[in-house]
Amino acid sequence: MAHAIPTVVSGSAAPPPAQRRSRTGYILLFPGIAWLLVFFAIPLVTLFATSLQVPVPGKPGYFEPGLQFSNYATAMSEYWPQFVRSLVYAGIATALALVIAYPLAYFIAMKAGAWRSFLLVLVVAPMFASFLLRTYAWKTILADDGWITSTLNSLHLLPDHRVLNTGIAVVAGLTYNFLPFMILPLYASLSKIDPRLIEAGGDLYASPIWTFAKVTWPLSLPGVVAGTLLTFIPATGDYINAQLLGSTKDHMIGNAIQINFIQFRDYPVASALSFVLMAAILILVFSYIRKSGTEEIV
Amino acid sequence: MSTAEHRVDDLHLRHLTKRFGETAAVDDLTLTIAAGSFFALLGASGCGKTTTLRMIAGLEDPTSGSIHIGDLDVTNVPPHKRPVNTVFQSYALFPHLDIFENVAFGMRRRGLKDVNGPVMSMLELVELAPLARRKPAQLSGGQQQRVAVARALINRPDVLLLDEPLGALDLKLRRQMQIELKRIQTEVGTTFVHVTHDQEEAMTMADTVAVMNSGRIEQLGHPADIYELPRTAFVANFLGQANLVEAEIVSASAEVVAQAHGNTFTLPGDRNFAKHKQVIVGVRPEKLTVLDHFNAHLVPDSNNRVTGRVTDVSYAGVSTQYVVRTPWEQDFIAFEQNMVVGDRCEVGDEVVLHWSPSHTFGLDGTQDVNAGISAEALEETRAASSLGGE
């Protein structure tokens, strides 16, 4: 008892635990917030400022601060085809990835048993090789004298008689490169489904197809939403696939930004394009999430 | 279709066998479950009761044998085409659908258009109508359980299968749901096949209990019949408790007389199932009367008796449980109604246990006398007796 009293006194002098805890929270948050500020918020503001800069007369490649909103009009009027193409290519690649990934993830989650972990490693394994290297490999796979192209040609399936340097190759590259980002979230949500729910579907007069439509698919939707976002967003902004596997006619918005920054040194237009892309993706993503009714996953 | 009366047919299992590799989970099971009955499959985990249920539901394919509902062979009918519904262990309610849609699921899949009326009246039957638009996660365990019953029953199945339906509920709620399920069964008249490891649950709810052990049925019948006259040591031990003594038959006519450790036990000939001299003489604990050895002269001459020393007394309100150590170091358990206040026997007292021959049963003496007692419980008894012996 004698020991308890001083403890109580010293305890009441310190700030209440709740307050202390919240201060600890801020201290722990600081590195993260500082990181975001220095490497995200400030560059973003700089980028926006750059997109409004005016050229210095007589000095090509030099710009000074300004409020030239017409940079956006210029950028869009010149590059809207690349912009639309980005969304279309990324959209097709996302759809293809979903169609390929879903059965695969379903198999790994529901049927693979002891092979689960091994198959998951196989899904991720390609990522150990560099993104660039893998995309280069596709150049060989889809080459004009490769077996894929010749097989498709003998079936008269190719309008241009080739795959490489066409939009098909770009979409194929995008689909391939982002496939793991589709498989993993799908696997995560499919493996969480209680197999008894699928049995219950069968027990309640639903054929396997109906059970899939009414039980498995809706329960896997969080994975579908996460997977499509993780595929669509980076695919829209990608320029490597278009550059290595496509012709200039297949360029995406990423290529336009890259060329403007590095080749033309037209920083305001490049920044404006970046900003529009960001805004477009944000709007698309939010309306998509709202429509699919799975706000809780983001 | 137009008749209001629901067609009911008996469920027949014929030589039903399920093997997983070398082991037979269900071993040549032949069984008829009468239409409209409340049938319980009772057994410890791994006895094959759930596998049997899953085969009836169509969720598991039998290795051999057949399942008929009336004249209809459903052995190879896929689950979604069987007139059978299941209340799953932990319910398996669809988490993305509300209660109404969960219950309507079966009707919608069968292409029925007008689901609103039947769903609401089914929800009223299980007293959940006001919660129709809630999601399963927003309901308590007992409510979820009732949704699972409603979801299955609304389809008016020929047979309703219940797989440990009350296992996830706490004791008080379980008692309540036992009464509730029994009420619903009486109301709808559907055949209920209930799988459980809880012998009390099986006895209170079912009108027929089948005690399963290692893929076979040990005994089947009305709960009271099985309890009062078990045919195997497994049933005697698994369904309630039993005092079993290994003995030898010395004379057998209308009355069987057996001897063990210098004691003589008599029992009616029709309660003896031993085929040879070796017999296990048994009696249920509540059939015993405990008397202080000073009062031994009060025991009727015709009664069976055992002497011993009290090693444990536990008072449980309505009754008192005595553990009595016999001279041959066997523990007898006796339950006494607390009719008299005070004047109970205490630990260390020398007592006489006695019971009527008509409460005695005789089992085949070649079987394991401890069958049906879990290894864990057996270990505990051994530990306790070695302590008591000190």
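Of the 390 residues in chain B, 52% count as buried. Keep in mind as you look around that this is a predicted model. The predictor puts the complex at an ipTM of 0.81 and a pTM of 0.81. Chain B itself averages a pLDDT of 89, with 95% of its residues scoring at least 70. The weak spot to know about is residues 1-6 of chain B, where pLDDT stays under 50 and the model has three contacts beyond four places in sequence.

**Chain B overall**

Chain B is built from nine helices and 20 strands. Its C-alpha atoms fill a box of roughly 75 × 45 × 40 Å along the principal axes. If you take the contacts in chain B between residues at least 6 apart in sequence, 67% of them join residues at least 24 apart.

**Where the chains meet**

Chain B brings 24 residues to the contact and chain A brings 17 residues. Together they bury about 1,900 Å², and carbon and sulfur atoms give 64% of that area. Three residues, B:His80, B:His96 and B:Arg109, supply 33% of what chain B buries against chain A, more than any other three residues.

On the polar side, there are seven residue pairs in polar contact between chain B and chain A, both partners at pLDDT 80 or more. The rule finds one salt bridge across this interface. A:Glu199 forms a salt bridge with B:Arg54, and their closest N and O atoms are 2.6 Å apart. On the chain B side, the elements giving two or more residues are helix 1 (49-57), strand 6 (84-87) and helix 2 (99-109). The chain B residues that touch chain A split into eleven nonpolar, eight polar and five charged.

**Helix 2 of chain B**

Helix 2 of chain B is worth a closer look. Nine of its eleven residues are buried, so this helix is largely enclosed by the rest of the structure. Among the buried ones are B:Phe100, B:Phe105, B:Met107 and B:Arg109. The buried residues of helix 2 pack against parts of both chains: helix 8 (195-203) and helix 9 (208-237) of chain A, plus helix 3 (116-125) and helix 4 (141-153) of chain B.

Both ends have a detail to check. At the start of helix 2 of chain B, a side-chain oxygen of B:Asp98 comes to within 3.2 Å of the backbone nitrogen of B:Phe100. After the helix comes B:Gly111, which has a positive phi, near 80°.

**Two buried residues**

Here are two residues to click on, one from each chain.

| Residue | Element | Relative accessibility |
|---|---|---|
| A:Val123 | helix 4 (residues 116-124) of chain A | 10%, buried |
| B:Thr191 | strand 8 (residues 191-196) of chain B | 1%, buried |

Leaving out neighbours within four places in sequence, A:Val123 is in contact with A:Ile108, A:Pro180, A:Ile183 and A:Leu184. A:Val123 and A:Ile183 sit 60 residues apart in sequence, but their C-alpha atoms are 7.8 Å apart in space.

With the same neighbours left out, the contacts of B:Thr191 include B:Asp9, B:Ile33, B:Ser37, B:Asp158 and B:Leu160. B:Gly36 is also in contact with B:Thr191, and the backbone nitrogen of B:Gly36 lies 2.8 Å from a polar atom of the B:Thr191 side chain. Why does B:Thr191 count as buried? Its relative accessibility is 1%, and buried means under 20%.

Key
Residues numbered from 1 in each chain as written. Chains lettered and ligands numbered in written order. Heavy atoms only, no water. Contact = heavy atoms within 4.5 Å. Buried area = accessible area lost by both parts, 1.4 Å probe. Salt bridge = Lys/Arg side-chain N within 4 Å of Asp/Glu carboxyl O. Polar contact = N/O pair within 3.5 Å; in protein donor to acceptor, adjacent residues only side chain to side chain. Helix = DSSP H or I, 4+ residues; strand = E, 2+ residues; numbered from the N terminus. Nonpolar A, V, L, I, M, F, W, Y, C, P; charged D, E, K, R; others polar. pLDDT = per-residue confidence, 0-100. Buried < 20%, exposed > 50% of the residue type's maximum accessible area, 1.4 Å probe, protein only.
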